[in-house]
Structures are given as structure tokens and as C-alpha cells.
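This report describes helix packing, pockets, a cavity and selected side-chain contacts. The sequence and the model are shown below.

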Amino acid sequence: RRSVQDILAFILSTLSVPPITALAAYIIFLFLIEDRTPQRWIFIADIFIFTILVPVGAYFYLMSVKKIKSIDAEHKEERNLPYMITMTSLALGFIMLLFTDVHDGLKLLLFGYLILSLIVFGINLFWKISAHASTLSAPVGAFLFLHLQYGVFHPSFFLFMAILLIAVGWSRVFLKFHTLMQVIAGTVLGFTIMFACLSLLMVIL
């Protein structure tokens, strides 16, 4: 019989899979900085195809042909092919956005996730860093950048995000998918990469 901790950890881990947390970040960021309806739909179509449909579809296909044994891809070797597919898809999505006039911040957000995926993939060849932690902490870096520039968030929002990061990190360690150091490394990496990429806005604009 599963304990309350088991169930809670499973729910937190499942709801914080990278595609879900990335999609939430894209949507929040979109409505904060892009107020033109046509451009919003262009961005939504782009992220749906290149960050959700292709990577998630490929992941479940790889599961169906037994290239991945479980949805958590517990062995780091199982993660290499999904990472490569995701990076390719994100790169295509980013290139497509370059030919549109959606806000540069949205382009840089997608670029940040692309760079993050590349680095996580490289690290994963040698060490199983937490993608859950890096993908969840990345939007925190993005939101902090926006807040420092425009003051768009109440401080309680960042308290909530910190608690969420700790809870998700705990779930990954509790379920024995990662060590504490792998979660901490993913958290620091995601936050740093995204904050740095969005800081490019100050150079571009």
C-alpha cells in the first residue's frame, strides 16, 4: 500500500514534467509581454508544435517501441535520444520565430530553453542532472528578470515558486530518480541560463 508521501511525490513529479512547466512559462510570459493578438497566436502555434507536439509525441513513440522503459526515463542513457529530438525541435521552433515579429522576449525565452536543453544533454552524457528542476527553475529566472525591469510580480509569487521548487525537488529525490546534488545542479543551471539569455534583451533593445 502506497503512503501519503508516495502519492504526493508521484503527483508533484508527474505534474512538473518539463513539457508542462515549460508550457506554463511560455503562456504566462506571452500574456505579460505580447499584447498583439495575431502575434500571440503565432507564438502559441509555434510552441505547441515544436515544444509540445513533436517532443512529447516522440517520447511516447520511443516508449511504445521500448527505447524508453518508463515515463521517467530512469536511466540517463534512455534520455539521450529524447534530448536530441527536443533540441532539434526547439531549434526549428526558434528559427521559425525569427521570421516573425513576435516580441523579442518570447524569442529569447525559447532560445533560453534551447540552450538549456543543449547543456543538460551534454551533462547527461556523464551525469544524470535533473531536467525537472532545470525546466522549473528556468521560468523563475525569466520572471525575476521581468520583475527587476518592470516590477510585474508581487514578492509572494517568488515565495510560491521557491516552495514549488523545493517540493518538486523533494519528490524527485524521494522517488529516487535523482540525488539531492542532481536536483540542486538542475535548479541553479536552469535559473542561470534563462536569466542570462533574457538579459540579452538589454543589449538587443
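In this predicted model, helix 6 and helix 7 pack with their axes 10 Å apart and at an angle of about 170 degrees. An angle over 145 degrees counts as roughly antiparallel, and helix 6 and helix 7 are therefore roughly antiparallel to each other. On the side of helix 6, the contact is made by His132, Ala133, Leu136, Ser137, Val140, Phe143, Leu144 and His147. Helix 7 meets these residues with Phe157, Phe158, Met161, Leu164, Leu165, Val168 and Arg172. By class, the contact of helix 6 with helix 7 comprises 11 nonpolar residues, three polar residues and one charged residue.

Phe143 of helix 6, which takes part in the contact with helix 7, also belongs to an aromatic pair with Phe153. A search of the whole structure finds 12 aromatic pairs. In the pair of Phe143 and Phe153, the centres are 5.2 Å apart and the planes stand at 55 degrees, a tilted arrangement. Because Phe143 lies in helix 6 and Phe153 in the loop between helix 6 and helix 7, the pair ties together parts that are 10 residues apart in sequence.

The structure holds one cavity of 30 Å³ or more. The space in the largest cavity amounts to about 50 Å³. Its lining consists of Ser130, Ala133, Leu136, Leu165, Val168, Gly169, Arg172, Val183 and Thr187. Helix 6, helix 7 and helix 8 (180–199) each contribute at least two residues to this lining, and the largest share, four residues, comes from helix 7. Among the lining residues, Ala133, Leu136, Leu165, Val168 and Arg172 also appear in the contact between helix 6 and helix 7.

The class composition of the cavity and of the two pockets is set out below.

| Space | Volume | Nonpolar lining residues | Polar lining residues | Charged lining residues |
|---|---|---|---|---|
| Largest pocket | about 790 Å³ | 22 | eight | two |
| Second largest pocket | about 240 Å³ | 14 | two | none |
| Largest cavity | about 50 Å³ | five | three | one |

The largest pocket has a volume of about 790 Å³. Of the 32 residues that line the largest pocket, Val17, Pro18, Pro19, Tyr59 and Thr86 are the closest to its centre. At least two lining residues come from each of helix 1 (4–15), helix 2 (18–33), helix 3 (37–64), helix 4 (76–98), helix 5 (104–124) and helix 6 (131–150).

The second largest pocket has a volume of about 240 Å³. Of its 16 lining residues, Thr21, Ala24, Leu136, Met161 and Leu164 are the closest to the centre. Helix 1, helix 2, helix 6 and helix 7 (155–174) each give two or more residues to this lining. The lining of the second largest pocket includes no charged residues. Leu136, Met161 and Leu164, which lie among the residues closest to the centre of this pocket, are also found in the contact of helix 6 with helix 7. Leu136 lines the largest cavity as well.

A further position to note is Arg40, which is placed in helix 3. Leaving aside its neighbours within four places in sequence, Arg40 is in contact with Leu30, Phe31, Glu34 and Asp35. Arg40 and Ile95 are 55 residues apart in sequence, and their C-alpha atoms lie 17 Å apart in space.

Key
Residues numbered from 1 in each chain as written. Predicted model: local features only at pLDDT ≥ 70, side-chain atom pairs only at ≥ 80, totals over all residues. Heavy atoms only, no water. 1 Å grid on protein atoms, 1.4 Å probe; cavity = no way out; pocket = protein on both sides within 12 Å on 5 of 7 lines; lining within 4 Å. Points joined across faces, edges and corners; volume = space filled by probe spheres on them. Nonpolar A, V, L, I, M, F, W, Y, C, P; charged D, E, K, R; others polar. Axes fitted to C-alpha atoms, helices over the stretch in contact; angles between N-to-C directions. Parallel < 35°, antiparallel > 145°, perpendicular 65-115°, else oblique. Contact = heavy atoms within 4.5 Å. Phe/Tyr/Trp six-rings, centres within 6.5 Å; stacked < 30°, edge-to-face > 60°.
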